[in-house]
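Me: I would like a close look at a single part of this model, the open sheet of eleven strands, and at what surrounds that sheet in the chain. Please take me through it slowly and in connected prose.

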Amino acid sequence: MLTDENRKILVTFLIFPHHSPSMRIVPFTVSAIITTGLVFALNKQWGSVSPMGKFLSPQHGLWQNAEPEDQSFDAELSFSGLKGRAEVYFDDRLVPHVFAENDEDLYFIQGYLHAKFRLFQLDLQTKAAAGRASEMAGKKAVQYDREQRRLGMVYAAENAVKEIEKDPVSKAIFDAYTSGVNAYISSLKEPDIPIEYKLLNIKPERWSNLRTALLLKMMAKNLSSGTESDLANTNAKSIFMPDELRILYPQVPDSLVPIVPKGTVFNKPGIVPVKPVLADSLYLTKKDMVTAGEISKPDVNNGSNNWVVAGSKTQSGAPILCNDPHLELSLPSIWYEIQLVTPNSNAYGVSLPGSPFIIIGFNDSIAWGVTNSQRDVKDYYEIKFKDKSKAEYWFNGKWEKTIRKEETIKVKGGKDVIDTVAYTIFGPVMYDESFQGADSIGKGRNLAVRWTAHDPSNEGYTFYKLNRAKNYDDYAEALKTFTCPGQNFVFASKSGDIAIWQQGKFPARWDRQGLYVMPGEDSSFMWQGFIPQQENPHIKNPERGFLQSANQRPVDSAYPYFIPGSYITPRGITIDNKLAAMTGITVKDMMTLHGNYFNTLAEDAKGILLKYIRENELSDKEKEYLQIFRNWDLMASPDSKGQTIYQCWWDSLEAEIWKDELSRAKLPFPWPEEQTTMEILKRDSVLHYADNINTPQVENLPDVVTAAFKKAATGLAQKETEGKLEWAKFKNSTVYHLIKDLKGFARSGLQVGGNGNIINAVTHSHGPSWRMIVHLTTPTEAYGVFPGGQSGNPGSRFYDHDIDTWVEVRYNKLWFMREGDRTDKNIKWVMKFSSKS
Amino acid sequence: MKFITAIILTALLSFISGLFLPWWCLAIAAGAVAAVIHQKAGKAFLAGLLGVFLLWAGLAWWMDMKNNSVISHKVASILPLGGSSWALILVTGLVGGLVGGFAAITGSFLRSSAK
């Protein structure tokens, strides 16, 4: 029972000499035991409760993380990993402006700063990526970890590291970044470790290039793993006829406003994939069911807006570029703002803690931003194993050997879990007899994953080059090797060019290839090649003077490739309409547009709903809600009751229409996009899906619209009694801590409107994770804000200090510091770095 | 006088050990003080408790003030103490104080058992 530490205490007391046996040895022993027991109890983790003695000790625990309000960040530091001298100037928002003599020192310092201000975030995100969450969270994370490993996250990161280390320039940079992170970790004294470590009773772990790669692969997963619904689609294929599938899950929505403007003429495709002879019988008309599903499927709202207006449309005559990537909002924020300067480069923007470079930003010549392509780059193949050992699988007429990887998952407070993953020519067999993901009772079909994130690539190098790009050609060149996740790179230069490239490595598919689980017993259903890079959707300097991307399908049906994905249509329509109508655009106009609450989908839906509702069947209370809805201005503003009523009614209607059709076999099914539902309703009023197949009578559209409204009204009345009928109160927007359970570290009840399909895309806990506006004048005028702060320490005033600015769609002016500004009054603190000889 | 000296010495020794050693070394400090400055068990307990309570609560209060209660408020809503910084400071003092008190009793009995 006694730990070494406690034994020492006892010994300390017992070394006092005993002179007489007539002693009060009993009370002594009792009190010694009580003391030891108390220390033991307070030094030990009890379930999820951290060691309270250690945690509360003012010299060791939480109080050490109470950063004084007047904390100085001045420092003089020297490290053997540095080549020369460097200075970091912090402004009043704790944004570092790094001035180094060379690239290696620059990225060493970026690593150091990421670790100093975001260490727990670095550690947690990459451990989660690698399927090691159980080391922190215990056995509740084991299934998550198994899924990460079976998806091949570590395999993907290892392939990326090999690619990075092939190129001496990349290797030097990634090595320097890793050294910088580790330099901070080595200098860290125990009382100074972030509070989350103290709460979880764990220690920071050293950094490596593999962990940087893991972080980038986590982004790849967030942005390109949830954009397919192949398993659910397979089930849909088994109940719907092919023409129904085309109606319910259309490839090109009627109302699409693509990134590359409609009517653009595309060249003949460089590759024409051929449909296998047996595709109809083995695949397209095959009726089969899949019970497996992902446990941690990324949010399809992981979208974004970006747009750019040319000088012809702005008041100043210089282009303006805007970007707001929509991600799960978190504290600390996913972004860390930074300026990186060497004699040869000078870039400003946001970086991802865990990776070198600026991901979204600008330099002296250009600005760039990203949105997600939403393209499907992940397919499943059914594998036939010879036996339970999973050592061999049937492929092209013979038994081929798999590569079996044994995965050991360490579990906090529990025994190790061993899992074996078989790798085939397609990729890892994610689902098999022993693992069906979200389905815990499935019989287990063996499904291998083919995903472009597994392919060797070096996405970081694209950002290295973008940070240094001087013009359109540099930008286009930088993108060429970017593989996964496919992104829409928006661009503007001071020389007046504007452009968007949708860049990624995208399979060239035959019609409907990869929408469903494919046969994997031979090579006939494998990808036959990739769309040639120069044929990726792109456009430069359009006559109309503006470009936008907002996760919609990038091109209309004239594009010569089959490109499935999880596209989001409405935001692109709103942005395109707005920008088309604007002239003499100013930065102020762009700020207003970022904050826009117009509900484009509701504009169409409102008329449909009002057309079919049977008002005479409504109670007085229901009529009252209907009246609010009728008077609604289509704005999802924070105080809007109309938006709340609309959203509840719409969700209820979708359930009324689709639930009976899709829940027949109690399996995962893809719900039609809300845009699709709206378009179907708009097209025909005799929708046969309106009929509830579980009731004897035949329901028509007015029946379901009215029934949906009545159901919604019940919920609304409940919300009204709680005082939550206003949209912001209803959705209760919250920025959670990375550990969601730590509610005290979150900010909730934010007074903000919007929704996923609205430009200002704030949902309950998801939305614009960084808003940036760059006006390409000389000097550059730039603005930005993210819902968080520079410091990851919940005890710092820089932890969440920009949240209110963000809620109100206000901005910080970004200070693009220059060589001559080293004594500027904006500088609050200076960190001096030198090499240790 | 002994009582006050014991409190001050306990606080001082605990503080110094806390600079270099794990938190629980305060038990050694409080025990040693009680063994050297001998008092009856009850008084020793109180002196040990107060010495560490004052040190821990005092340090916490000082750090909390400099921090504008940014972290105490958050931690106090996780623990859960209703988000009250004062409650967290009090709990901090009591947890340290209890260990200090029991260690001091032990120290006191050690001395009396040695007589």
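**The eleven-stranded sheet and its surroundings**

Reply: Chain A holds 24 helices and 29 strands, and everything said here about them refers to a predicted model. Before turning to the sheet, it helps to have the frame of the chain in mind. Along the principal axes, the C-alpha atoms of chain A fill a box of roughly 100 × 70 × 65 Å. The radius of gyration of chain A is 29 Å, which agrees with the value near 28 Å that a compact globule of 837 residues would have. Of those 837 residues, 51% count as buried, and among the contacts in chain A with a separation of 6 or more, 72% are between residues 24 or more positions apart.

The sheet you ask about is open, and its eleven strands follow the order S1-S29-S2-S3-S7-S8-S9-S10-S18-S19-S21 in chain A, with mixed pairing. At its edges stand strand S1 (75–79) and strand S21 (538–540) of chain A, each with a single partner strand, so one side of each is left without a neighbour in the sheet. On average, and with direction ignored, neighbouring strands of this sheet are turned by 15 degrees against each other.

Strand S7 (residues 336–342) of chain A is a good place to begin the closer look, since six of its seven residues are buried, so the strand is largely enclosed by the rest of the structure. One of its partners is strand S3 (residues 96–100) of chain A, which pairs with S7(A) in the parallel sense over three bridges; here Val98(A) has Leu340(A), in S7(A), as its bridge partner. Another partner of S7(A) is strand S8 (residues 345–351) of chain A, and this pairing is antiparallel, over seven bridges. Within it, Gln339(A) is bridged to Tyr348(A) of S8(A), and the link from S7(A) to S8(A) is a hairpin that passes through two residues. Going on from S8(A), four bridges join that strand to strand S9 (residues 360–363) of chain A, with the two running antiparallel, and Gly349(A) stands opposite Gly361(A) in S9(A). As background to reading such pairs, in a regular strand the side chains alternate between the two faces of the sheet.

A helix also belongs in this picture. H4(A) lies across strand S2 (86–90), S3, S7, S8 and strand S29 (829–835) of chain A, and runs at about 160 degrees to S7(A). This helix, H4 (residues 103–129), gives the most to the largest nonpolar core, with 13 residues. That core has 206 residues, and those with the most contacts inside it are Val98(A), Ile109(A), Val308(A), Val490(A), Phe491(A), Trp649(A) and Val705(A). Val98(A) therefore appears twice in this account, as the bridge partner of Leu340(A) and as one of the residues with the most contacts inside the core.Trp649(A), leaving aside its neighbours within four places in sequence, is in contact with Leu609(A), Ala708(A), Phe709(A) and Ala712(A). There is also a second, separate core of 56 residues, which includes Ala32(A), Val39(A), Ile195(A) and Val99(B).

Two further parts of chain A can be set beside the sheet. One is an open sheet of three strands in the order S6-S23-S24, again with mixed pairing. Strand S6 (330–331) and strand S24 (747–750) of chain A stand at its edges, each with a single partner strand, so one side of each is left without a neighbour in that sheet. S6(A) pairs with strand S23 (residues 733–737) of chain A in the parallel sense over two bridges, and Ser330(A) stands opposite Tyr736(A) in S23(A). The other part is helix H11 (residues 230–239) of chain A, in which seven of the ten residues are buried, so the helix is largely enclosed by the rest of the structure. Its buried residues, among them Leu231(A) and Lys237(A), pack against helix H12 (242–248) and strand S11 (378–382) of chain A.

Finally, chain A also meets a second chain, with 43 of its residues in contact with 39 residues of chain B. Helix H1 (4–14), helix H2 (25–42) and helix H3 (52–56) of chain A are the elements that give two or more residues to this side, and H2(A) provides the largest share, ten residues. By type, the residues of the side of chain A that touches chain B are 23 nonpolar, 14 polar and six charged.

Notes:
Residues numbered from 1 in each chain as written. Chains lettered and ligands numbered in written order. Predicted model: local features only at pLDDT ≥ 70, side-chain atom pairs only at ≥ 80, totals over all residues. Contact = placed C-beta atoms within 7 Å. Nonpolar A, V, L, I, M, F, W, Y, C, P; charged D, E, K, R; others polar. Pairing = 2+ DSSP bridges. Buried ≥ 20, exposed ≤ 12 C-beta atoms within 10 Å, placed from the backbone. Core = buried A, V, L, I, M, F, W, Y, C linked by C-beta atoms within 7 Å. Rg over C-alpha atoms; globule rule 2.2 N^0.38 Å. Axes fitted to C-alpha atoms, helices over the stretch in contact; angles between N-to-C directions.
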